[in-house]
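Trainee: Could you take me through one part of this model in close detail? I would like to look at the strands of the second chain, and then see how that part sits in the whole.

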Amino acid sequence: MAVNTDYLLHLADNALILGQRNAEWCGHAPILEEDLAISNISLDLIGQARMLYQHVAVLRKDGRSSEDLLAYFRDVPDFRNYTLLELPHSTALAPTASGERDYAVTVARNYLYSALMVLVWETLQNCKDAQLAAIAAKSLKEAHYHLRYSRDWVVRFGDGTEESHQRIAAAMAFLMPYTQEFWDHSSMEKNAAAEGVGVEPASLRANWEAEVAATLMLATLPAVSSQGFVSQGKHGVHSEHLGYVLAEMQSLARAHPEAVW
Amino acid sequence: MTADTALSLPVGPIEALPSTDPQYAVWALLESVTDPEIPVVSLREMGILRAVREGAHGLEVVITPTYSGCPAMGQMEDDVVNALAGAGIAARVITQLAPAWSSDWISPEARNKLRAYGIAPPQSTACAHASASVVQFAARRPSDAAVIVPCPQCASGNTTEISHFGSTACKALYRCLDCREPFDYFKPY
């Protein structure tokens, strides 16, 4: 079987970058319960990324791949995560990216991604790559919890106060165009799907849209257009934000290569 | 025993092994290895310890992770190796992902120990899936909740969820509305 590590790296990078972004709330979340929750989700995502990177390292058999090398010693164009996942948490209502973190943006992003990943892992748990199928079966259980958590908060914000409604509506309007990237054609996904070791997200689109529409309605939020620029993160063309994420995440490993503790 | 038959067992087969079996001693030694975050239950009772077998390079102990990011996995590996090394047995720990660990594998005796320790044991995953799509807010009255989690302190069913995520990846945070004590609930997984 031809080894398609590009697709595995795409899945791993998604989990790692969102895990890293969510971890920015650790010690800073609005209340203690949310601090624990978002840190737990972060831990699940980084755990998923580790399993996927380890799988890539085993498949490549080149002696030059390891989970640490893949996470810490690749640069922005090497990463294949969705642009959606690297954006800052700054409020969608702020004029600049250096605005304050907004939990509504965090919740909306986790919701849009988890709603997709429940469908992706469901499909991949039956794929031909036994190790990927095992990772998918574990990750699916976690994705269900992430979806439930983020969906609850989308509904509570939307159906809450005037301010929470305004914030989650703005977050959805800001993030929704980035979801077009899910459905954008990529040979990396197409090849993996053709080999039975991947899935083309476009085949999951109707189910994803139905889930999102039902939640927006429950949250008393208006339907949101996804029209606009189609981001290209999964092709390796990223926003300016990923460089800052990597700089923070990779600096320790690069300053002290092979450090252990 | 082949790896396949060992992995299909819900918990370790120590009860099924005759005490003369060479692996009986290994299982017996591993009884002392507890979950690092829940010291009242053993890895076997948690369903984490899956198999003991002779591999190509000597004795192998197979464990399976609970949550993907569980930070206690490294500690568990070390604890298994150390428990056996203390008895002069060298073993390698193999981490196997499939079949994915389920909270349904936690043994009945471990569920009682969890409850006595102050952690509500998990409901079956089948129950949990039925309620997975229900939007369940902490402020909701317990009668609206699809799954009732009895308080481990006073056994009251009048409890409410404070947060989906608790002190570790595997737990949610609940509160009893009768005895007013907060408690951890081991989430169905």
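Mentor: Happy to; what follows starts with the strands of chain B, moves to a residue of chain A that touches chain B, and ends with the two chains overall. Please keep in mind that this is a predicted model.

Let's begin with the inventory. Chain B has six helices and nine strands. Four of these strands form an open sheet, and if you walk across it you meet them in the order β6-β9-β8-β7 of chain B. The pairing in this sheet is mixed. At the edges stand β6 (119-120) and β7 (159-163) of chain B. Each of these two has a single partner strand, so one of its sides has no neighbour in the sheet. As background, strands of a sheet pair through backbone hydrogen bonds, in either a parallel or an antiparallel sense.

Now zoom in on one pair from that sheet. Strand β8 (residues 171-176) of chain B runs antiparallel to strand β9 (residues 182-186) of chain B, and five bridges join them. To find the register on your screen, pick Arg175(B): its bridge partner in β9(B) is Pro182(B).

Keep following the chain and you come to Pro188(B), which lies in the segment after β9 of chain B. Is this proline buried or exposed? With a relative accessibility of 7%, Pro188(B) counts as buried, because the cut-off for buried is under 20%. A handy distance to check is the one to Cys170(B): the two residues are 18 apart in sequence, and their C-alpha atoms are 8.3 Å apart in space.

Chain B has another pair worth a look, earlier in the sequence. Strand β3 (residues 49-55) of chain B pairs with strand β4 (residues 58-63) of chain B in the antiparallel sense, over six bridges. The connection between β3(B) and β4(B) is a hairpin of two residues. For the register here, look at Ala51(B), which stands opposite Val62(B) in β4(B). Strand β3 of chain B is also mostly covered, with five of its seven residues buried.

Next, cross over to chain A. A good landing point is Asn40(A), found in helix α2 (residues 32-60) of chain A. Its relative accessible area is 6%, so Asn40(A) is buried. What does Asn40(A) touch, leaving out residues up to four places away in sequence? The answer is a set of residues in chain B: Phe165(B), Gly166(B), Thr168(B) and Ala169(B). Within chain A, Asn40(A) and Cys26(A) are 14 residues apart along the chain, with 9.6 Å between their C-alpha atoms.

Finally, step back to the two chains. Chain A has ten helices and zero strands, whereas chain B contains both kinds of element. For the 261 residues of chain A, a compact globule would have a radius of gyration near 18 Å, and the chain agrees with that at 18 Å. Its C-alpha atoms fill a box of roughly 55 × 40 × 35 Å along the principal axes. Buried residues make up 56% of chain A, and 52% of the 189 residues in chain B. Among contacts with a separation of 6 or more, residues 24 or more positions apart account for 79% in chain A and 53% in chain B. As for surface, chain A exposes about 11,200 Å², with 55% belonging to carbon and sulfur atoms; chain B exposes about 8,300 Å², with 54% from those atoms.

Terms used. Residues numbered from 1 in each chain as written. Chains lettered and ligands numbered in written order. Predicted model: local features only at pLDDT ≥ 70, side-chain atom pairs only at ≥ 80, totals over all residues. Heavy atoms only, no water. Pairing = 2+ DSSP bridges. Helix = DSSP H or I, 4+ residues; strand = E, 2+ residues; numbered from the N terminus. Rg over C-alpha atoms; globule rule 2.2 N^0.38 Å. Buried < 20%, exposed > 50% of the residue type's maximum accessible area, 1.4 Å probe, protein only. Contact = heavy atoms within 4.5 Å. Areas by Shrake-Rupley, 256 points an atom, 1.4 Å probe, with all protein chains shown as cover.
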